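Here's a quick tour of a protein model for you to follow on screen. Keep the viewer open and click on each residue as it comes up.

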Amino acid sequence: MNKIKVGIIGGTGYTGVELLRLLVTHPSIDVALITSRAEAGREVVDLFPSLRGFTDLCFSPPDTELLTACDLVFSATPNGIAMTHARALTAAGTKLIDLAADFRIRDIATWEKWYGMQHACPELVAQAVYGLPEMNRQEITNAMIVANPGCYPTATTLGLLPLVQAGLIRSNNLIVDAKSGVTGAGRGANVASLFSEVADSFRAYGVAGHRHHPEITQNIQSVSKSTVDLTFVPHLVPMLRGIHATIYADLIDLDKSLEDVHHMVSSFYADEAFVDVMPLGSHPDTRSVKTSNMCRIALHKAGGSGKLVILSVIDNLTKGAAGQAVQNMNIMLGLDETLGLMSPAVMP
Ligand SMILES: NC(=O)C1=CN([C@@H]2O[C@H](COP(=O)(O)OP(=O)(O)OC[C@H]3O[C@@H](n4cnc5c(N)ncnc54)[C@H](OP(=O)(O)O)[C@@H]3O)[C@@H](O)[C@H]2O)C=CC1
Ligand SMILES: CC(=O)N[C@@H](CCC(=O)OP(=O)(O)O)C(=O)O
């Protein structure tokens, strides 16, 4: 069988190497190209010995000619890079999955305000599909450009989606208290990510405004009948991988039992391979999803009140980035959606 040729722009970053880890054992994929400007010419296994025996690729520069020779390209680069390749790729018939945010926000002015730059191809934003399969599976099937969701928006949206869509909770007073491991900040050198800055302590950041706020709001608004008002506070915690979102929401019907809510959410996700609604009383650990593409969700009522508390955990590099990108790739290529993604979390 002819394998599908894929390329990765940004192969030295954490999401780039996570993509490669997942793709080197994927039965239908040949990773034909992996780019780095800083490491061009160097063997991938020289930088990442964990992949010895799985690849003989060297890093290449991100040349348009090399990229357009692929069937599909992942862009695992900082914001503002995928949009500079998008026209050439789509014109050549090459599909694009952007792990950054260039195609996530429908409103160009909102995107430009939060990302602090002018959009290079606003006309392609309208064609791009937001790549949360549990929300947009059908549209992803035919997409040329998929905007892979942010890590916090993935955990939060999966926690809220069935409840908002079914009209069980109020959309105008949602509170998302979320924690991320340090790999969420990328592999680039940065004082705030140093071991001695992060270990044995944790703190909130971006309280006044974080660029994932408009993304989460856009997602929830798309399934809500009323106006969404959401408070989102991210925190950096001293672990490598993982996102834990604790979401507080007001039940519309105060008499609705937790058992009924749990039954509804479990039924909504019953056919989803990568969402696990845990039994009542559960408190999911981030380690229960480490290196896996799973999102684990638990539902609680706080102290018997009308406040529903939703706990949602993912691995930021897998379901929060590279794993979800592979899931989207499988859907776009008409493959089994779970191919290459079915290994369980690493314990401990
Ligand atoms: N880390 C995470 O948990 C998540 C990350 N994301 C998003 O995914 C993207 C990648 O993240 P991450 O892997 O953490 O990032 P890193 O900072 O770890 O890596 C960035 C990669 O992009 C390459 N790169 C940088 N500038 C350019 C450029 N102008 N042209 C081509 N390549 C470039 C770098 O290589 P070189 O400079 O050598 O070319 C490097 O390989 C980001 O947009 C991030 O926001 C999304 C969800 C979760
Ligand atoms: C811990 C940490 O710093 N996390 C990053 C978010 C993760 C990310 O890479 O952002 P995108 O999902 O938008 O691509 C941050 O808060 O900026």
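Start with Cys151, which you'll find in helix 8. UniProt lists Cys151 as "active site", in an unreviewed entry. Keep in mind as you go that this is a predicted model.

**Cys151 and its helix**

- Is Cys151 buried or exposed? It's buried, because 29 other C-beta atoms lie within 10 Å and 20 or more are enough to count.
- Helix 8 covers residues 151-165, which makes 15 residues.
- From its first C-alpha to its last, helix 8 reaches 21 Å, close to the 21 Å expected at 1.5 Å a residue.
- Look for a kink in helix 8: it's about 35° and is centred on Thr157.
- Why can we call helix 8 largely enclosed by the rest of the structure? Because 14 of its 15 residues are buried.
- Helix 8 is followed by Gly167, and the phi of Gly167 is positive, near 70°.

**Around ligand 2**

- Cys151 turns up again here, as one of the residues around ligand 2.
- The others around ligand 2 are Ala100, Ala101, Gly150, Ser180, Gly184, Ala185, Pro234 and Leu236.
- What kinds of residue make up this shell? Six are nonpolar and three are polar, with no charged residues around ligand 2.

**Around ligand 1**

- There are 31 residues around ligand 1, and the ones that come nearest are Gly10, Gly13, Ala100, Gly186 and Arg187.
- Two elements give two or more residues to this shell: helix 1 (14-23) and helix 12 (318-332).
- Helix 1 gives the most to the shell around ligand 1, with three residues.
- Sorted by class, the shell around ligand 1 has twelve nonpolar, 16 polar and three charged residues.
- Where does ligand 1 sit relative to the domains? Domain 1 (4-127) and domain 2 (152-316) both give residues to its shell, so ligand 1 lies between them.
- Ala100 is worth a second click, since it is among the nearest residues to ligand 1 and also one of the residues around ligand 2.

**The annotated domain**

- An unreviewed UniProt entry places the feature "domain: Semialdehyde dehydrogenase NAD-binding" at residues 5-143.
- Over residues 5-143, the chain is 36% helix and 15% strand.
- The end C-alpha atoms of residues 5-143 are 17 Å apart.

**Helix 12 and what follows**

- Helix 12 spans only 18 Å between its end C-alpha atoms, while a straight helix of 15 residues would span 21 Å at 1.5 Å a residue.
- Helix 12 also has a bend, of about 45° at Gln324.
- Burial is easy to sum up here: 15 of the 15 residues of helix 12 are buried, so the helix is largely enclosed by the rest of the structure.
- Just after helix 12 comes Gly334, with a positive phi of about 75°.
- Pro348 lies in the segment after helix 12, and a cis peptide bond joins Met347 and Pro348, with omega about 0°.

**Backbone oddities**

- Some background first: most residues other than glycine have a negative phi, and most peptide bonds are trans.
- Asp200 has a positive phi, near 60°, even though it's a residue other than glycine.
- You'll find Asp200 in the loop between helix 9 and strand 8 (203-204), and it counts as exposed, with 7 C-beta neighbours inside 10 Å.
- Thr291 is another residue other than glycine with a positive phi, in this case near 70°.
- Thr291 is in the loop between strand 11 (275-277) and strand 12 (295-301), and it counts as partly exposed, with 19 C-beta neighbours inside 10 Å.

**Reaching across the model**

- Gly188 is in the loop between strand 7 (174-180) and helix 9 (195-198).
- With 10 C-beta neighbours inside 10 Å, Gly188 counts as exposed.
- How far is Gly188 from Gln165? Their C-alpha atoms are separated by 38 Å, and the two are 23 residues apart along the chain.
- Leu47 belongs to helix 2 (residues 44-47), and it's partly exposed, with 15 other C-beta atoms within 10 Å.
- Leu47 and Glu139 are 92 residues apart along the chain, with 37 Å between their C-alpha atoms.

Key: Residues numbered from 1 in each chain as written. Chains lettered and ligands numbered in written order. Predicted model: local features only at pLDDT ≥ 70, side-chain atom pairs only at ≥ 80, totals over all residues. Near = placed C-beta within 6 Å. Nonpolar A, V, L, I, M, F, W, Y, C, P; charged D, E, K, R; others polar. UniProt positions renumbered as here; feature names shortened; annotations may be inferred. Helix = DSSP H or I, 4+ residues; strand = E, 2+ residues; numbered from the N terminus. Domains from an automatic or database assignment. Expected span 1.5 Å × (residues − 1). Bend = angle between axes of the 7 residues up to and from the residue. Buried ≥ 20, exposed ≤ 12 C-beta atoms within 10 Å, placed from the backbone.
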